[in-house]
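Visitor: Could you take me on a close look at one part of this model, starting from a single residue and following the chain outwards? I would love the details, with the cut-offs as we go.

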Amino acid sequence: MGEEVKQTDFSLAHRREYRRKVQLCLDVFETMLAQSSFEFERPLTGMEIECNLVDGDYQPAMSNQEVLASIADPAYQTELGAYNIEFNVPPRPLPGRAGLELEADVRASLNAAEAKANQNGAHIVMIGILPTLMPEHLTGRWMSESTRYQALNESIFTARGEDILIDITGPERLSLQTESIAPESACTSMQLHLQVSPADFAQNWNAAQVLAGPQLALGANSPYFFGHQLWAETRIELFAQATDTRPDELKTQGVRPRVWFGERWITSIFDLFEENVRYFPSLLPELSDEDPVAELAAGRTPRLQELRLHNGTIYRWNRPVYDVVEGRPHLRVENRVLPAGPTVLDMMANAAFYYGMLRSLSEEDRPLWTKLSFSAAQQNFLEAAQHGMDARLYWPGLGEVTPDELVLRQLLPMAHEGLRRWGVAVEVRDRYLGVIEGRAKTGRNGSAWQVATVAALQEQGMTRPDALAEMLRRYCQGMHSNEPVHMWESPA
């Protein structure tokens, strides 16, 4: 959710000054893109994994403060819900055998964190939406202790002026009113970062948008919310609705949502930040002491705090990131499409597929987005979220295809070639893209396994709540085995 803020109430004069500072930061950022030296000589990748905490009965455990105190590792942080934690994986380069080392490091860190969580009677679960989460869990002290989260909740409801309607279709439609952003806490994702040069940012962002549909179809892992079977990746629609600042009248007028796919292909990272400032009022208008113009004039790198804070409250599925490390600015594409889980191996496979495809798509002589309308890319994304491996996706040159056909016929060879260009070792490519191939051939991602398992357990006589808890118990066994989800057993 980004950096902490110090207050929840802001005066009109304060908001006016923040608006001025955001515009000033945008102007300075434009100058920097033309003049400054950005760090990109050694492209780095990064990963964030949002996790859930459950008790011995696989029900949500509202104990992240105690668990984090036991883990005592700055790589682990709070998230919105008191049953959420986030693991920030240190950045590293892609080439060689780095992927295998990363997989081993992530597993070791999560296993150590799990052992510490067990001391507090909790278990860590990597899954898009915790299937045992029910409405009664999101009352009372559901939110992590944080001024930022409180301010965000208040700002969204002040902007909206009424309760939020959650209304999601699917096999078992769910419709309810909520008076807080608590349902957003159900959405736990895996975020992938890629550091790029200013000149290469637009191609990589456009490529990530093209890829979002196939990426989500392969990785869907969130079919249940509040006991209802909804979308293959319910997290997409739930996140959009739970943070919507627009009452119905503003939706009807075409006001853009803060959870946003976007509306056009871009030519520069500046396009995205400029859209953010032009279309979206601030939710957290906290001011810094920095004068970005003076910093730049003095030969230092401005942190552009107001622009970065504003960007952190606009939830693009592929988000632009400006950051400063050791005095040098850099740019990243932050991919927010995928849910967490099911295993570290599955997530590494998703990452390898993403980075390989991004390299191939962004370097094509005639980029795919010149042959695909932006609205078609968005429709692919929504279709994949609803139907997962049963989606129908449009692809230039192929027409309407299923994800398995698209991946096996066209995308896997491109992902292999992209990873080869990154200098990724053959054994690494084969290990991770082999998982993607297996998932495509079986049609089984995390979402499909969850639905099949719950259906089988209910056929054996279990109630839905008991079936969800038993499914989650078996899911955790599979998660710890690190066997890819397409190889997990389902009840007969």
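Visitor: Does Glu326 count as buried or exposed, and at what relative accessibility?

Guide: Glu326 counts as exposed, with a relative accessibility of 82%; here buried means under 20% relative accessible area, exposed over 50% and partly exposed in between, using a 1.4 Å probe and protein chains only. Before we go on, a word on the model: it is predicted, so local features need pLDDT of at least 70 and side-chain atom pairs count only at pLDDT 80 or more, while totals for chains, interfaces and linings use all residues. Residues are numbered from 1 along each chain as its sequence is written, and side-chain values use heavy atoms, with hydrogens and water left out.

Back to Glu326, which sits in the loop between strand 12 and strand 13. Helices (H or I, at least four residues) and strands (E, at least two) are DSSP runs, numbered from the N terminus. The backbone of Glu326 deserves a look too: its phi is positive, about 50°, although it is not a glycine. Most residues other than glycine have a negative phi, and most peptide bonds are trans. Ala72 is another non-glycine residue with a positive phi, near 50°. Ala72 lies in the loop between helix 2 (64–71) and strand 2 (76–78), and it is exposed as well, with a relative accessible area of 62%.

Now step from Glu326 into strand 12 (residues 318–325), where Tyr322 is found. The structure holds 18 aromatic pairs; rings of Phe, Tyr and Trp (its six-membered ring) pair if their centres lie within 6.5 Å, and planes under 30 degrees apart count as stacked, over 60 as edge-to-face and the rest as tilted. One of these pairs joins Phe29 and Tyr322 edge-to-face, with 5.6 Å centre to centre and 75° between the planes. Phe29 belongs to helix 1 (residues 12–35), so this pair links distant parts of the chain, 293 residues apart. Phe29 is buried at 0% relative accessibility, and Tyr322 is buried at 3%.

A second edge-to-face pair is formed by Trp260 and Tyr279, 6.0 Å centre to centre with 85° between the planes. Trp260 comes from strand 10 (residues 259–260) and Tyr279 from helix 8 (residues 269–279), 19 residues apart. Here Trp260 is buried at 5%, whereas Tyr279 is partly exposed at 23%. Tyr279 has a charged partner too: Arg256 lies over the face of its ring, 3.6 Å from the ring centre. A charge sits over a ring if NZ of Lys or CZ of Arg is within 6 Å of the ring centre and within 35 degrees of the ring normal.

Ring pairs also link Trp205, Phe239, Phe261, Trp265, Tyr315, Trp317, Phe374 and Phe381 into a cluster. Two of its members, Phe374 and Phe381, are among the buried residues of helix 12, which also include Ala376, Ala377, Asn380 and Glu383. What covers the buried residues of helix 12 includes helix 5 (198–219), helix 6, strand 13 (328–339) and strand 14 (393–395). Strand 13 brings us back to the loop of Glu326, which leads from strand 12 to strand 13.

Beyond strand 13 there is one more backbone feature to enjoy: a cis peptide bond joins Gly341 and Pro342, with omega about -5°. Pro342 is in the loop between strand 13 and helix 11 (344–362).

Helix 6 (residues 234–242), named above as part of that cover, includes Thr234. Thr234 is buried, with a relative accessible area of 0%. A polar atom of its side chain lies 2.8 Å from the backbone oxygen of Ser222. Leaving aside its neighbours within four places in sequence, Thr234 is in contact (heavy atoms within 4.5 Å) with residues including Ile129, Ile168 and Tyr224.

Ile168 takes us to strand 5 (residues 164–168), where Ile164, Ile166 and Ile168 form the covered face and Leu165 and Asp167 the uncovered one. In a regular strand the side chains alternate between the two faces of the sheet.

Note on methods. Polar contact = N/O pair within 3.5 Å; in protein donor to acceptor, adjacent residues only side chain to side chain.
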